[in-house]
Amino acid sequence: MKKIRDFFNQGGLLLFVLGRILAGIPIVVALSILVFVATQALPGDAAVAYLANTATPERLEAIRQQLNLDDPLWMQYAQWAGGVLQFDFGTTVTGETEVTTLLKERIQNTLILMASSGIVAIPLSIIIGVYAAVRRGKLFDNVTSLFTLILAALPEFVVAIFVVFLLATNVFQIFPAIAFVDPGTLAWSNPMALVLPSLTLVLAVTPYVSRIMRGSMIEVMESEYIQMARLKGLSERTVIVRHALPNAIAPTIQVIALQLAWLAGGVVVVEAVFAYPGIGTIMIDSVKGRDLPIVQAITLMIAALYVVLNILADIGTILSTPRLRTRYARKNDTSDVFAAMGGDEW
Amino acid sequence: MGLTFKQAYAKIGAVLVGIIIAIALFGPLFAPHTFDEFIDMPNAPRSDQLLLGADYLGRDVWSRFLFGGRTIIGLSFVSTLLGVGLGLLIGLFAASAQSRTDSLIMRMNDILLAFPQIVFVLLVVSGFGTSIFLIAITVGFTHAPRTARIIRAAAAEVMERDFIKAAVAVGEKRQRIILSELLPNVTSPLLVEFGLRMTYSIGLVAAVSFLGLGLQPPAADWGLMINENRGSMTVQPWAVLTPIFAIAIFTIGINFITDSFAKVAIGIDRKGKE
């Protein structure tokens with residue numbers, strides 16, 4: 001405990017965190033420009049796209065005014081980005097509802113779904129990975145290797161439909177196939193609705209993390225300090241839990257963060273299968289209805305989440321690697337830290 | 001021992017992939033009905049005349065299944081080729097460029113990585129409308145930065161070797177160094193990347209159809225079939241299960257091949273079972 005406090009007092013980590021957050025800002029700005037350009041800067045325009053064949057000159061004009069489409073592009077962007085900075089993503093194409101109000105509950109529902117999947121998937125994959133590494137080449141390892149190989153190959157909506165077939169409609173009828181949540185309440189008020197979407201995401205994420213964990217653990221188990229620990233006569237349990245595991249987890253943190261970021265994309269399709277009231281279903285509805293302000297808001301939030309998770313992963317990697325921790329605190333040498341983390345991150 | 005074990009996986013994978021490609025290519029020749037013909041009651045069960053029953057509108061599931069593989073596999077292949085090709089170019093170019101250009105390219109590349117693939121595809125569809133060609137190109141485009149990253153890492157390692165330094169010292173043109181020195185030395189990671197990207201392409205193309213944003217009815221397409229018949233899965237599971245199994249078998253087969261190739265050729269996971 002004292003060591004950790006000392007380290008914080010030195011300010012090394014704080015500087016590092018600040019630096020990483022500052023480096024993240026231009027990236028998020030670039031992301032927002034990309035999102036804006038991909039949608040608003042179309043050859044036709046958003047009003048035409050939205051109204052399609054119901055367009056009359058008056059309605060087109062109304063929507064154009066609504067979305068400021070008559071202004072030059074950079075002004076449209078500035079206006080939109082200015083709003084985004086205050087968590088104001090504008091109104092829907094028809095101008096009836098604030099995007100932020102519309103998304104508020106849905107964001108919470110999606111976060112609940114991501115959290116409930118992550119809470120199960122991450123410990124589960126660490127346990128599977130570690131146990132498979134310890135029992136390397138034995139039955140458990142071979143069986144989980146085969147299953148993770150198969151699961152990793154399956155698209156998530158295929159897994160989702162298998163799950164529905166098995167547990168909701170045909171074989172067993174245990175859980176609801178449609179994740180119904182009362183409007184105005186959040187998803188955890190109906191935990192049964194969460195089971196199948198979460199299970200699908202767990203099945204999608206676990207193979208990747210457990211395979212990385214297994215590889216990392218095998219590498220650590222072959223190292224000299226583990227041999228040393230064994231030669232000292234420590235019990236195998238102590239060797240694995242106290243000596244090997246903490247060293248094997250560090251390289252897995254980046255993968256876990258990447259998988260959590262992937263979850264933000266994976267939920268889109270999985271929510272659609274279960275009609276789960278999160279940002280995924282509303283995104284697909286908005287894509288179909290060409291309601292661009294909603295699509296822009298959700299895309300930008302998901303991309304920004306990726307940046308944030310990457311920053312957290314870098315911090316987590318440093319915290320879980322004593323070698324980096326001390327080196328960084330002493331020398332403030334970022335290049336070293338980046339090199340040791342794998343080099344090609346931001 | 002380990003080698004034969006891995007080869008067995010590769011063989012199983014090849015058989016699985018071969019079966020599905022054969023169905024997709026030649027299936028329509030054996031279809032008893034056309035894909036949009038109404039031949040029975042909606043959701044008619046399996047019978048002697050109807051191998052897999054009828055779908056939610058009363059069309060022959062077996063015929064629709066035989067017709068439905070062409071687009072998804074064709075589109076996935078095209079988008080993978082496009083994306084891996086583009087990523088290869090970017091990766092080789094960055095690795096052989098000066099370090100400032102290299103890091104500029106890769107930073108821009110990293111920005112694109114922030115969009116999950118399906119989200120980026122949806123973003124583009126929301127702006128430009130649905131079109132299967134647009135979807136193939138967009139899926140390919142989302143592969144490119146991911147492939148570029150892998151190829152750059154592999155090529156950067158090759159750049160450090162003596163024969164490249166010799167080629168540079170002799171004054172060989174950059175284009176020649178990329179094509180005849182770098183490219184032949186990254187073929188293994190390239191093939192692994194191709195297999196991996198192919199499974200993701202299938203997932204993405206099928207998902208887009210499944211979400212109702214790809215091929216439009218009455219087209220026969222595995223993704224679309226799953227979506228259309230999902231509501232009546234309890235009474236007529238075959239209309240959903242057949243295309244689902246086909247997609248699953250195909251992606252699993254590719255993954256088996258890719259995985260055993262990665263282990264044998266590159267020595268990824270060389271510490272696996274000996």
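## Helix packing and the chain A–chain B contact

H3(B) and H6(B) cross with a right-handed sense. This pair is a handy way into the predicted model. Helix H3 of chain B covers residues 69–96 and helix H6 of chain B covers residues 132–159, and the two pack at about 35 degrees with axes 5 Å apart. Sorted by class, the contact between H3(B) and H6(B) comes out as 23 nonpolar, 10 polar and 2 charged residues.

Now for the chain that holds this pair. Chain B is built from 11 helices and 0 strands, so to speak an α-α-α-α-α-α-α-α-α-α-α run when read from the N terminus. Its C-alpha trace spans about 75 × 50 × 30 Å along the principal axes. Of the 274 residues in chain B, 51% are buried. Contacts in chain B between residues at least 6 apart in sequence go to partners at least 24 apart in 72% of cases.

Two helices of chain B sit at opposite ends of the burial scale. Helix H7 of chain B (residues 162–170) has 9 residues, and the number buried is 0, so H7(B) lies largely in the open. Just past H7(B) comes Gly171(B), with a positive phi of about 90 degrees. Helix H10 of chain B (residues 222–229) goes the other way: 8 of its 8 residues are buried, so the rest of the structure largely encloses H10(B). The buried residues of H10(B) are Trp222(B), Gly223(B), Leu224(B), Met225(B), Ile226(B), Asn227(B), Glu228(B) and Asn229(B). Charged Glu228(B) and polar Asn227(B) and Asn229(B) are thus on the buried list along with nonpolar residues such as Leu224(B).

A glycine in chain B also deserves a look. Gly195(B) belongs to helix H9 of chain B, which runs over residues 187–210. Gly195(B) counts as buried because it has 20 C-beta neighbours inside 10 Å, and the cut-off for buried is 20 or more. Leaving aside residues up to four places away in sequence, Gly195(B) touches Ile254(B), Ile257(B) and Thr258(B). For Ile257(B), the separation along the chain is 62 residues, while the C-alpha atoms of Gly195(B) and Ile257(B) are 7.9 Å apart.

What does chain B put up against chain A? The contact involves 41 residues of chain B and 43 residues of chain A. On the chain B side, the elements giving two or more residues are helix H4 (99–113), helix H5 (117–128), H9 and helix H11 (238–266) of chain B. H11(B) gives the most, with 10 residues. By class, the chain B side divides into 28 nonpolar, 8 polar and 5 charged residues.

Chain A is likewise helical on paper, with 15 helices and 0 strands. Buried residues account for 42% of the 346 residues in chain A. Taking contacts in chain A with a separation of 6 or more, 69% come from residues 24 or more positions apart.

One helix pair in chain A can be picked apart residue by residue. Helix H6 of chain A (residues 99–134) packs against helix H12 of chain A (residues 279–289) at about 130 degrees, with the axes 8 Å apart. At that angle, H6(A) is oblique to H12(A). H6(A) brings Leu103(A), Arg106(A), Ile107(A) and Thr110(A) to the contact, and H12(A) brings Ile279(A), Gly280(A) and Ile282(A). That gives 4 nonpolar, 2 polar and 1 charged residues for the contact of H6(A) with H12(A).

Elsewhere in chain A, Ile240(A) sits in helix H11 of chain A (residues 236–274). Is Ile240(A) buried or exposed? Ile240(A) is buried, as 21 other C-beta atoms lie within 10 Å. Beyond residues up to four places away in sequence, Ile240(A) touches Val134(A) and Leu245(A). Met221(A), 19 residues from Ile240(A) in sequence, lies 8.1 Å away in space, C-alpha to C-alpha.

A word on confidence rounds this off. Chain A has a mean pLDDT of 81, and 84% of its residues reach 70 or more. Over residues 331–346 of chain A, though, pLDDT stays under 50, and the model has 20 contacts beyond four places in sequence for that stretch. Predicted coordinates should not be read in detail where pLDDT is low.

Methods. Residues numbered from 1 in each chain as written. Chains lettered and ligands numbered in written order. Predicted model: local features only at pLDDT ≥ 70, side-chain atom pairs only at ≥ 80, totals over all residues. Helix = DSSP H or I, 4+ residues; strand = E, 2+ residues; numbered from the N terminus. Buried ≥ 20, exposed ≤ 12 C-beta atoms within 10 Å, placed from the backbone. Contact = placed C-beta atoms within 7 Å. Axes fitted to C-alpha atoms, helices over the stretch in contact; angles between N-to-C directions. Left-handed = near helix turned anticlockwise from the far one by under 90°. Parallel < 35°, antiparallel > 145°, perpendicular 65-115°, else oblique. pLDDT = per-residue confidence, 0-100.
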